[in-house]
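Work through the exercises below with the sequence and the structure at hand. Try each task before reading its solution.

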Amino acid sequence: MPIVKTGRLNHIDALRGSVMLLLVPYHGLLFLQNTGASMFGLDLSVFWLHLWRMGLFFAVSGFLAAMTLGLWGPTRQLRQRLKRIGIPLFVAMLTILPAQKLIVFWFFHRDNPTSPSTAYDYTLTNLFGWEPHHLWFLSYVLAFNIAAVLVWLLLRRGPRITSVIDRGFRKCLGSPFLIPLLAVVSAIPLWVGGYIEAPGRVAASLIPMPSAAAYYGIFFLFGWMLFRSRDLLPAVESRPWTKLALALPAGLVAYLLYSGQIILPASFPIAATILVVSGVAVWSTMFAVWGLFARFLSGARPWVRYLADASYWVYLVHIPILVLIQVGMVNSGLPPVIRLAIATSVSIGLSFATYAVVVRYTAIGRLLHGSRKRPAEVAARVGLAPG
């Protein structure tokens with residue numbers, strides 16, 4: 001296939017890294033919610049972040065997957081994805097997840113020394129299993145990448161079909177009804193599966209759930225097709241404040257409907273209404289965030305590249321740190337918002353510190369994001385360059 005030449009999209013780096021880092025405060029909020037903490041806006045915050053964060057995650061992943069396929073070709077694409085996604089997933093399930101469970105088990109036995117429950121016993125069955133927990137995203141994005149390459153190879157034999165698909169997507173991308181259309185399309189797999197929000201049991205198995213795979217696959221496919229039509233990126237990135245003005249009330253209405261604070265007539269299609277309104281909130285929020293990053297972070301910034309590089313490691317390792325701090329502070333008497341701030345900041349700080357010390361310039365860093373030169377090496381190279 002022809003090699004695609006493209007300048008580095010710095011705001012995509014910033015977007016990818018920031019969405020990954022957003023998981024840290026989200027998981028902190030989710031912990032508070034699951035432990036029954038009382039904090040103003042807690043349920044709304046969890047609901048709103050759950051609406052769009054993973055959709056944006058998969059859309060950016062699809063965009064980058066299409067870009068790297070053009071740069072590398074299908075064979076290297078599959079090899080790189082298996083190495084940079086499959087190996088970290090496998091290793092993390094054997095190290096990071098058991099570490100998280102050991103922390104939970106220790107606190108459970110400390111606080112419940114006579115409990116008859118065997119779910120927290122220090123057994124291999126309890127410590128190791130097929131549940132990926134927060135790593136579920138990796139199994140899905142790996143599956144999507146493999147499927148995308150296989151479909152691309154099939155469609156390459158029928159260029160007319162590819163041309164029709166591209167023209168149809170470009171027409172939709174230029175439509176003033178793009179967001180409502182995407183809201184309806186993304187609502188369909190959830191409605192068919194009997195959900196009124198994005199499925200919450202995705203972390204229970206390495207094998208993608210059909211409804212969840214179909215739902216998140218729409219976002220991945222959108223990102224993939226968006227790269228193919230990247231000359232129309234302004235359709236996504238333009239007027240971010242207007243899209244945010246649509247996103248916020250749509251998200252609030254979706255939450256009020258979901259939580260039963262807005263009562264619709266019994267004859268009204270309640271589930272479909274929640275899904276479509278939520279879809280409007282999802283896509284308008286995604287486009288608003290994407291557009292804001294394009295507007296303010298489009299230039300080359302070393303710290304943005306560093307953040308993008310480090311974010312994968314932070315995503316992998318933050319959970320045991322976050323759990324340790326959160327569980328340790330449950331009975332501290334501190335207000336939930338203070339506990340959230342402490343747990344989030346310490347988790348991010350320690351994750352970045354370990355990245356700088358044991359990841360960035362090591363074999364782990366080469367596995368996660370490729371080789372990086374130390375500042376001294378770069379300075380020496382510049383100094384040796386002919387004047």
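The exercises concern a predicted model and go from the whole chain to one residue.

**Exercise 1.** State which secondary structure the protein has, and decide whether its radius of gyration agrees or disagrees with that of a compact globule.

Solution. Step 1: the count of secondary structure elements gives 15 helices and 0 strands. Step 2: for 387 residues, a compact globule would have a radius of gyration near 21 Å. Step 3: the protein has 22 Å, so the value agrees with the globule rule. Step 4: along the principal axes, the C-alpha atoms fill a box of roughly 70 × 70 × 35 Å.

**Exercise 2.** Describe the surface of the protein and its charged side chains.

Solution. Step 1: about 19100 Å² is exposed, and 69% of this area comes from carbon and sulfur atoms. Step 2: 48% of the 387 residues count as buried. Step 3: there are 32 positive and 11 negative side chains. Step 4: the centres of these two sets are 12 Å apart.

**Exercise 3.** Place Tyr-216 in the fold and decide whether it is buried or exposed.

Solution. Step 1: Tyr-216 belongs to helix 8, which spans residues 210–228. Step 2: its relative accessibility is 1%. Step 3: buried means under 20%, so Tyr-216 counts as buried. Step 4: beyond its neighbours within four places in sequence, Tyr-216 is in contact with Met-54, Gly-55, Phe-58, Trp-136, Phe-144 and Ala-198. Step 5: Phe-57 lies 159 residues from Tyr-216 along the chain, while their C-alpha atoms are separated by 9.3 Å. Step 6: across the protein, 79% of contacts between residues at least 6 apart in sequence join residues at least 24 apart.

Notes: Residues numbered from 1 in each chain as written. Predicted model: local features only at pLDDT ≥ 70, side-chain atom pairs only at ≥ 80, totals over all residues. Heavy atoms only, no water. Helix = DSSP H or I, 4+ residues; strand = E, 2+ residues; numbered from the N terminus. Rg over C-alpha atoms; globule rule 2.2 N^0.38 Å. Buried < 20%, exposed > 50% of the residue type's maximum accessible area, 1.4 Å probe, protein only. Contact = heavy atoms within 4.5 Å. Areas by Shrake-Rupley, 256 points an atom, 1.4 Å probe, with all protein chains shown as cover. Lys, Arg positive; Asp, Glu negative; His and termini not counted. Charge placed at Lys NZ, Arg CZ, Asp CG, Glu CD.
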